[in-house]
Amino acid sequence: MGPLENIDGDRFDASFAETVRDRAIRALEGGKVLFFPRLSFALNADEQGFLDPRCSDGRAKNVSYDPSSQVLKGTALAGPERERLRGMVARFAQSARTLVGGLLPAYEAHVRMGRTSYRPIEVKDRPSSYRKDDSRLHVDAFPSRPNGGGRILRVFSNVNPDRRARLWRIGEPFEACARRFLPAIRPPLPGQGWLLRACRLTRGYRTAYDHYMLALHDAMKADSRYQHQCPQYEVAFPAGTTWMVFTDQVAHAAMAGQYLLEQTFHVPVNTLNDPASAPLSVLEGLLGRPLAAA
Ligand code: SIN
Ligand code: FE
């Protein structure tokens, strides 16, 4: 038991046996973290210099890359250095995409790539109003980018050169967490989704689903007693390893570590092997109404 499901393989373009693919999709949708203990993302010799917090522009917490426009943001680097950093992050994006395609072929036709991030700042030094503090257990939900129930799948590689692990805490299952916090969450105000979009506070329509997920994210982070007392595991992801998780479903907190690459994927609920496992289905079941309509 425990929150991790180990998957063997030392290449992002490995071909996985059908039994492994079945085990992976069930574990992932069941709320586990797929852990690849032998899968490292290798930096080229001329990329080692990017293992430096000065890659960041000091304002954004991450360097971020958009694979569709190929634009890199959040870095202080310029000129050829910036291009090389972009090349490294884009290569990670492609590797993560290949891994998802090989391990989860059922998602292949409908998965959409979101942003890629490079996180060169020590977790303990990151800025933290409680809402932004990712060292508090939370499920992911994006205030300005509503997704109407679509899943947030993330692939992470720890590229720390000093053998330092990325330390996480992993919390209780989604339904337990939702049951605990939903009773105190107010429903969205009528017209709220339209207004947020009209005022350009959101990119797209914030559905009732997005409202509840954001409220859940905030309520979890705001509750210090819950942070300490809820059922949880401490997990160390060693340097040179990779992991994959639905971060909208699995309560997680980053406690320590430096130098991480991350790729986000968006997976429609009806693409899942078991759509009933999605936070959308769980919240709809608990609240007794549809939540994803605009
Ligand atoms: C998070 O997704 O909340 C933080 C993960 C990390 O930076 O390790
Ligand atoms: Fe998160």
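A polar contact is a pair of N or O atoms within 3.5 Å, and within protein one of them must be able to donate a hydrogen and the other to accept it. I start my notebook with that cut-off, and I keep in mind that this is a predicted model.

**Entry 1: Glu 5**

I first looked up Glu 5, which sits in strand S1 (residues 4-6). Which residue does the side chain of Glu 5 meet in a polar contact? The partner is Arg 23, and the two side chains are joined at 2.8 Å. I then checked the cover over this acid. Glu 5 has a relative accessible area of 16%, and because buried means under 20%, Glu 5 counts as buried.

**Entry 2: the iron ion**

Next I went to ligand 2, the iron ion. Which protein residues donate to the iron ion? I noted His 138 through NE2, Asp 140 through OD and His 252 through NE2, at 2.1 to 2.2 Å from the metal. Written as a sequence pattern, the donor spacing is H-x1-D-x111-H. The two histidines come from distant parts of the chain, 114 residues apart. His 138 is in the loop between S5 and strand S6 (151-158), while His 252 belongs to strand S10 (residues 252-256). Are these two histidines buried or exposed? I found both His 138 and His 252 buried.

**Entry 3: the surroundings of ligand 1**

I then listed the residues around ligand 1. They are Arg 119, Arg 126, Asp 134, His 138, Arg 166, Trp 168, His 252, Ala 254 and Leu 260. I was pleased to meet two iron donors again here, His 138 and His 252.

I went on to look for polar side-chain atoms beside the oxygen atoms of ligand 1. His 138 places one 2.9 Å from an oxygen atom of the ligand. For Arg 166, an N or O atom of the side chain is 2.7 Å from a ligand oxygen. Trp 168 also has a polar side-chain atom beside a ligand oxygen, at 2.9 Å. How much of the accessible area of ligand 1 does the protein cover? On its own the ligand has 260 Å², and the protein covers 98% of that. Two elements give two or more residues to this shell, namely strand S7 (166-170) and S10.

**Entry 4: S7 and its neighbours**

Since S7 had come up, I followed this strand further. S7 is mostly covered, with 4 of its 5 residues buried. Which strands pair with S7? One is strand S8 (residues 233-237), antiparallel to S7 over 5 bridges. In that pairing I found Arg 169 opposite Glu 234. S10 also pairs with S7 in the antiparallel sense, over 4 bridges. There, Leu 167 has Ala 256 of S10 as its bridge partner.

**Entry 5: S5 and its neighbours**

I turned to strand S5 (residues 112-119) and traced its pairings. With strand S3 (residues 63-66), S5 forms an antiparallel pair over 3 bridges. Tyr 118 in S5 is the bridge partner of Val 63. S5 also runs antiparallel to strand S11 (residues 260-267), with 6 bridges between them. In this pairing Thr 116 faces Gln 263 of S11.

**Entry 6: two positive phi angles**

I looked up two residues other than glycine with a positive phi. Arg 163 has phi near 65°, and this residue lies in the loop between S6 and S7. Tyr 259 has phi near 75°, and its place is the loop between S10 and S11. Buried or exposed? I asked this of Arg 163 and of Tyr 259. Arg 163 has 67% relative accessibility, so Arg 163 counts as exposed. Tyr 259 has 6% relative accessibility, so Tyr 259 counts as buried.

**Entry 7: cysteines**

My last check was for disulfides, and the structure holds 0 of them. Why does Cys 230 have no bond to Cys 177? Cys 177 holds the closest cysteine sulfur to that of Cys 230, but the gap is 7.6 Å, which is too far for a bond. The cut-off I used for a disulfide is a pair of cysteine sulfur atoms within 2.5 Å. I also wrote down the exposure of two cysteines. Cys 230 is buried, at 5% relative accessibility, whereas Cys 199 is partly exposed, at 48%.

How values were computed: Residues numbered from 1 in each chain as written. Chains lettered and ligands numbered in written order. Predicted model: local features only at pLDDT ≥ 70, side-chain atom pairs only at ≥ 80, totals over all residues. Heavy atoms only, no water. Pairing = 2+ DSSP bridges. Donors = N, O, S within 2.8 Å, 3.2 Å for Na, K, Ca; no water. Buried < 20%, exposed > 50% of the residue type's maximum accessible area, 1.4 Å probe, protein only. Near = heavy atom within 4 Å. Areas by Shrake-Rupley, 256 points an atom, 1.4 Å probe, with all protein chains shown as cover.
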